[in-house]
Amino acid sequence: MQLVYSREWFMIAEHEGETVAMAITIPDIHQVYKKMQGRLLPFGWFHYLNRGRIIDRVRVGFLGVLPEYQHTGVAAALYLEHFDTAARSRQKAGEASFILEVNTSMNRGLEAMGGRLVKRWRVYERLLEPDAKPSAPPPED
């Protein structure tokens, strides 16, 4: 990951020395792969070496806040830091993916910042054993 990873996009929020939230964002390396057309030779390596000029989007791969610190503004602070970092690094767009449909606070927050819902992610459960009991449903925010 160090070939595409950037330290400025790795964010940790702490309260009294304890980590309470974390966000990891990576540049969208798929833009470079598209230019390379799946080939390293003869000129694919050139596109890869110039990835800093090609990449103008990021993907938020992970954003998590401890349950007792949710709804305290920690996530909003991480969002703001993402916006500031994007402005400094000339990023034009970002994507937050794999957010479950039941994660209403995250979905509302992203929509409030101008994001739009493109896909719905749901988890379905099916019991395979006749006597098995279903697991507890995910908590509602």
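Two strands pair if DSSP finds at least two bridges between them. The exercises below apply this criterion and others to a predicted model.

**Exercise 1. Determine how strand 3 pairs with strand 2 and with strand 4, and describe the connection from strand 3 to strand 4**.

Solution. Step 1: strand 3 covers residues 57–65 and strand 2 covers residues 18–27; seven bridges join them, and the two run antiparallel. Within this ladder, Met22 is set opposite Gly64 of strand 3.

Step 2: strand 4 comprises residues 93–96 and is parallel to strand 3, with four bridges between them. Here Val58 has Gly94 of strand 4 as its bridge partner.

Step 3: between strand 3 and strand 4 the chain passes through helix 4, residues 74–88, in a β-α-β crossover that is right-handed.

**Exercise 2. Identify which residues of the largest nonpolar core touch the most other members, and trace the contacts of Val74**.

Solution. Step 1: the largest nonpolar core has 17 residues, and those touching the most other members are Val20, Ala21, Leu63, Val65 and Val74. Two or more residues each come from strand 1 (10–15), strand 2, strand 3 and helix 4.

Step 2: with residues up to four places away in sequence left out, Val74 touches Ala13, Val20, Ala21, Val65 and Tyr69.

Step 3: another core of six residues lies apart from the largest one, and its members include Ile29, Met36, Tyr48 and Ile54.

**Exercise 3. Characterise the largest pocket by its volume and its lining**.

Solution. Step 1: the volume of the largest pocket is about 930 Å³.

Step 2: its lining consists of 31 residues, of which Gly94, Glu95, Ala96, Leu110 and Gly115 are the closest to the pocket centre.

Step 3: strand 3, helix 4, strand 4 and helix 5 (104–112) are the elements that give two or more residues to this lining.

**Exercise 4. For Glu16 and His71, establish the sign of phi, the location in the chain, and whether each is buried or exposed**.

Solution. Step 1: most residues other than glycine have a negative phi. Glu16, which is not a glycine, has a positive phi of about 55°. For His71, also a residue other than glycine, phi is positive and near 70°.

Step 2: Glu16 belongs to the loop between strand 1 and strand 2, whereas His71 belongs to the loop between strand 3 and helix 4.

Step 3: the cut-off for an exposed residue is a relative accessible area over 50%. Glu16 has 75% relative accessibility and therefore counts as exposed. His71 has a relative accessible area of 66%, so His71 is exposed.

Technical notes. Residues numbered from 1 in each chain as written. Predicted model: local features only at pLDDT ≥ 70, side-chain atom pairs only at ≥ 80, totals over all residues. Heavy atoms only, no water. Right-handed = clockwise from strand over helix to strand, strands pointing away. Core = buried A, V, L, I, M, F, W, Y, C linked by side-chain atoms within 4.5 Å. Buried < 20%, exposed > 50% of the residue type's maximum accessible area, 1.4 Å probe, protein only. Contact = heavy atoms within 4.5 Å. 1 Å grid on protein atoms, 1.4 Å probe; cavity = no way out; pocket = protein on both sides within 12 Å on 5 of 7 lines; lining within 4 Å. Points joined across faces, edges and corners; volume = space filled by probe spheres on them.
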